[in-house]
Amino acid sequence: MSNTEQNTQEEARRKIILSGARPTGDIHLGNYFGAVENWVRLQEEYECFFFIADWHALTTGYAETENLHEHTLNLMADLLACGLDPDRSTIFLQSQVTAHAELFLLFSMSTPLSWLERCPTYKDQINQLSEKDITTYGFLGYPCLMAADILAYKADFVPVGEDQLPHLELTREIARRFNHLYGNTFPEPQPLLTKARVLPGTDGRKMSKSYGNTISFADTPDVVRKKVMGMITDPARIRKDDPGHPEVCSVFAFHKIFNPEDVAEIESMCRAGKIGCVACKKKLQEKLLAFHKPIHEKRTLLLQDKGQLGDLISRGSEKAAARAAVTLQAVHTAMNIGV
Ligand code: TRP
């Protein structure tokens, strides 16, 4: 067997990973440690498809599309700057692969309304986003679109957060129903719940754009420094020599991630009241920037050439479309669609 033949077989055995992110703004450190860091690692081992879910953004944001294009480019720049590699993974834009829409339509024919209505995230979101009217057909059908995203590539594993598990369960049900109606076509994808590193926001709550407590890769080093200085520490520490409680301090949670070599010393000094919060934040600033700055600079550079960034997205989308077309062909055959 020649080397290339061997490599081709190797490729054929690689399991397929697919995941997506909505272009809702800039990637922040919470997104990075919650998902993107993992994606970068998964590229080593799997055949990966990562996509920008712009149609998904419309399910809740159909009335505010003015920033969609910009957010799409920003997300692409963020993903590349964080280490997703277009030579290794297929990185693409959902709306450039219309096979997703076709598969969504076909799945919508056989997906019972009751499955969608009982999806726990459906009612949750309707209540939570009460200021928006998302009692729409598209929002209800969102899990069907997600099933199309995943099944178009016959993904084996889908790295997702726990909040997405009900959707993945629905994807499996949709695949099962399709296989039952038209013959075995789709594998049932499994979630990949890898342990994510948890990083709180600057105020100690979950890092989230809606809380205004994020540090994003779009932030300049100056902004990052200011945000670190404004971080909420142990509220019981009034004076610098009061004993601190690192377990309730967001600065300490950051040290654990960005400064592992000094974390034990910082913990004991804090508990003993021997290091003040300002000094502790200063130490963090430099460690955090050592990680943040190269990514910030790379994303800034990438965004200077939007044409090139757009080309990268289009090339990835062409690769994805070629793969999805193979699946759609099998779907047509199974359903007896066409001439
Ligand atoms: N629903 C996901 C989110 O809101 C994004 C998404 C869309 C996705 N399609 C997907 C994730 C397919 C994994 C697989 O975050």
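Buried means under 20% relative accessible area. Keep that cut-off in mind for the views that follow, which all come from a predicted model.

**Figure 1. F49, a buried residue in strand β2.** Here we're looking at F49, which sits in β2, the strand made of residues 47-52. Its relative accessible area is just 1%, so F49 counts as buried. Which residues does F49 touch, once its neighbours within four places in sequence are left aside? They are I16, I17, L18, S19, T90, F92, Y153 and R323. A155 makes a nice example of how the fold brings things together: F49 and A155 are 106 residues apart along the chain, yet their C-alpha atoms are separated by 8.7 Å.

**Figure 2. The whole chain, for orientation.** Let's step back for a moment. The protein chain has 15 helices and five strands. Its C-alpha atoms fill a box of roughly 80 × 55 × 35 Å, taken along the principal axes. F49 has plenty of company, as 47% of the 339 residues count as buried. Now take the contacts between residues at least 6 apart in sequence: 79% of them join residues at least 24 apart.

**Figure 3. Helix α5 meets helix α9.** Two helices share this view: α5, covering residues 99-110, and α9, covering residues 142-151. Their axes come within 8 Å and cross at roughly 125 degrees, and α5 and α9 are therefore oblique to each other. If you like to think about handedness, α5 passes α9 in a right-handed crossing. Which residues meet here? From α5 come H100, L103, F104, F107 and S108, and from α9 come C144, L145, A147, A148, D149 and L151. Sorted by class, this contact has eight nonpolar, two polar and one charged residues.

**Figure 4. Helix α9 again, now with helix α10.** We stay with α9 but swap its partner for α10, the helix of residues 165-182. The two pack at an angle of about 70 degrees, with their axes 9 Å apart. That angle makes α9 roughly perpendicular to α10. On the α9 side, look for Y142, P143, C144, M146, A147, I150 and L151. They meet H167, L168, L170, T171, I174 and A175 of α10. What classes do the residues of this contact fall into? Eleven are nonpolar and two are polar, with no charged ones.

**Figure 5. H56, a buried histidine in helix α3.** H56 lies in α3, the helix of residues 54-61. Is H56 buried or exposed? With a relative accessible area of 4%, H56 is buried. Setting aside its neighbours within four places in sequence, H56 is in contact with R22, Q94, Y142, L145, M146 and D149.

**Figure 6. Cysteines without a partner.** A disulfide is a covalent bond between the sulfur atoms of two cysteines. How many disulfides does this structure hold? The count is zero. C119 is in no disulfide, and the nearest cysteine sulfur, that of C144, is 11 Å away. C119 also counts as buried, at 4% relative accessibility. C277 is in no disulfide either, with the nearest cysteine sulfur, that of C249, 6.0 Å away. C277 is partly exposed, its relative accessible area being 23%.

**Figure 7. S314 and Q96, a long-distance pair.** You'll find S314 in α15, the helix of residues 306-335. S314 is partly exposed, with a relative accessible area of 26%. How far apart are S314 and Q96 in sequence and in space? They are 218 residues apart in sequence and 7.4 Å apart in space, C-alpha to C-alpha.

**Figure 8. K154 and N336, two residues with positive phi.** K154 isn't a glycine, but it has a positive phi of about 50 degrees. Where is K154 found? Look in the loop between α9 and β4. K154 is partly exposed, with a relative accessible area of 31%. N336, another residue other than glycine, has a positive phi near 60 degrees. N336 lies in the segment after α15, and its relative accessible area of 68% makes N336 exposed.

Key:
Residues are numbered from 1 along each chain as its sequence is written. This is a predicted model: local features need pLDDT of at least 70, side-chain atom pairs count only at pLDDT 80 or more; totals for chains, interfaces and linings use all residues. Side-chain values use heavy atoms; hydrogens and water are left out. Axes are lines fitted to C-alpha atoms, for helices over the stretch in contact, and angles run from 0 to 180 degrees between N-to-C directions. Helices (H or I, at least four residues) and strands (E, at least two) are DSSP runs, numbered from the N terminus. Angles under 35 degrees count as roughly parallel, over 145 as roughly antiparallel, 65 to 115 as roughly perpendicular and the rest as oblique. A crossing is left-handed if the near helix is turned anticlockwise from the far one by less than a right angle, and right-handed if clockwise. Contact means heavy atoms within 4.5 Å. Ala, Val, Leu, Ile, Met, Phe, Trp, Tyr, Cys and Pro count as nonpolar, Asp, Glu, Lys and Arg as charged, and the others, Gly among them, as polar. A disulfide is a pair of cysteine sulfur atoms within 2.5 Å. Buried means under 20% relative accessible area, exposed over 50%, partly exposed in between (1.4 Å probe, protein chains only).
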